[in-house]
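Thanks for sharing this one. Here are a few notes to read alongside the coordinates.

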Amino acid sequence: MFTDLPYTTYITVLLLAFLSVFSTLLGVALAIYVVKSEQAIALGIGFSAGIMLLVSFFELVPEAVGDAGMGLALVAVVLGMLIVAALHWIIPHTHLVDEKGSFRPNLLRTAYLVAFGLILHDVPEGFAMANSYIASPSLGILMAIAIAIHNVPEEFAMAVPIVAVKKRRFLYTAAFLSGLAEPVGAIIGLVAVHFHPALNSFFMAFAAGAMIFVSIHELLPMARRYHKIHLFVLGSVISVFVYMLLTAVVPG
Ligand SMILES: [Zn+2]
């Protein structure tokens, strides 16, 4: 059972995916040229995590539940969490900062997959956007803007410690993979629906699970390691206002 999505859907989704490629590069450029502070990182990851949790709980999960029912949506959310978690544990993966909250240059040599957790979740972010667009173009546009905005501080947080230890090559590789991951995710999401339309809500709920996991497993502990939980909380509060603004601006 194949569905042919209109070709305008493919084009629009790919164009929207480039919003986040651009914001990924912007976040990395900020880390290289503008500011390198732990305060800015903690504030930024609070904001990033906040946006991911908000769109997961208020957009992706309700849309998937409405479409596929509570049972299937929950299974997909849990699968999203489990698969991302499993990849975290299978692939050697080091956190960027130690318990005392300082950068760990000595570990970076073995930790070329340091940024792995963040790059990994960019793929489901592509699902979140593409499959939301198929469910409803206005939801897709809302997701594309929200994800693009949250990428700036997230990529910034990933890049600052790498900039600090002057691993330029690693930084460019991480930025490249990160930028590429969302368009790749978007294409996977589109192709999946081409093969089976029921996969659309599954992919949305799966993306929600992956983003919830990354927010809690990766971003929150990062703020704790920097000893800046209050800034993380402030960033999350700001994300609520930005999200409300977005839902008001993007026609539903
Ligand atoms: Zn993210």
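**Notes on a serine and a helix pair**

1. Let's start with a side chain: that of Ser20 reaches the backbone oxygen of Ala17 at 3.0 Å. Please keep in mind that this is a predicted model.

2. Which side chain does the side chain of Ser20 meet in a polar contact? The partner is Glu182, at 2.6 Å. Setting aside neighbours within four places in sequence, Ser20 touches Ala148, Asn151 and Glu182.

3. Is Ser20 buried or exposed? Ser20 has a relative accessible area of 1%, and because buried means under 20%, Ser20 counts as buried.

4. Ser20 belongs to helix 1, which runs over residues 7-34. Helix 1 has 28 residues, and its first and last C-alpha atoms lie 40 Å apart, close to the 40 Å expected at 1.5 Å a residue.

5. Ser20 has company in helix 1: the buried residues there include Thr9, Val13, Leu16, Ala17, Val21, Thr24, Val28 and Ile32. As a reminder, an α-helix has 3.6 residues a turn, so residues three or four places apart point the same way.

6. Further along the chain, have a look at helix 7 (residues 168-195) and helix 8 (residues 199-225), whose axes come within 8 Å and cross at roughly 150°. Angles over 145 degrees count as roughly antiparallel, and helix 7 and helix 8 are therefore roughly antiparallel to each other. Helix 7 contributes Ile188, Gly189, Ala192 and Val193 to the contact, while helix 8 brings Leu199, Asn200 and Phe203. By type, the residues of this contact are 5 nonpolar and 2 polar, with no charged ones.

Note on methods:
Residues numbered from 1 in each chain as written. Predicted model: local features only at pLDDT ≥ 70, side-chain atom pairs only at ≥ 80, totals over all residues. Heavy atoms only, no water. Axes fitted to C-alpha atoms, helices over the stretch in contact; angles between N-to-C directions. Helix = DSSP H or I, 4+ residues; strand = E, 2+ residues; numbered from the N terminus. Parallel < 35°, antiparallel > 145°, perpendicular 65-115°, else oblique. Contact = heavy atoms within 4.5 Å. Nonpolar A, V, L, I, M, F, W, Y, C, P; charged D, E, K, R; others polar. Buried < 20%, exposed > 50% of the residue type's maximum accessible area, 1.4 Å probe, protein only. Polar contact = N/O pair within 3.5 Å; in protein donor to acceptor, adjacent residues only side chain to side chain. Expected span 1.5 Å × (residues − 1).
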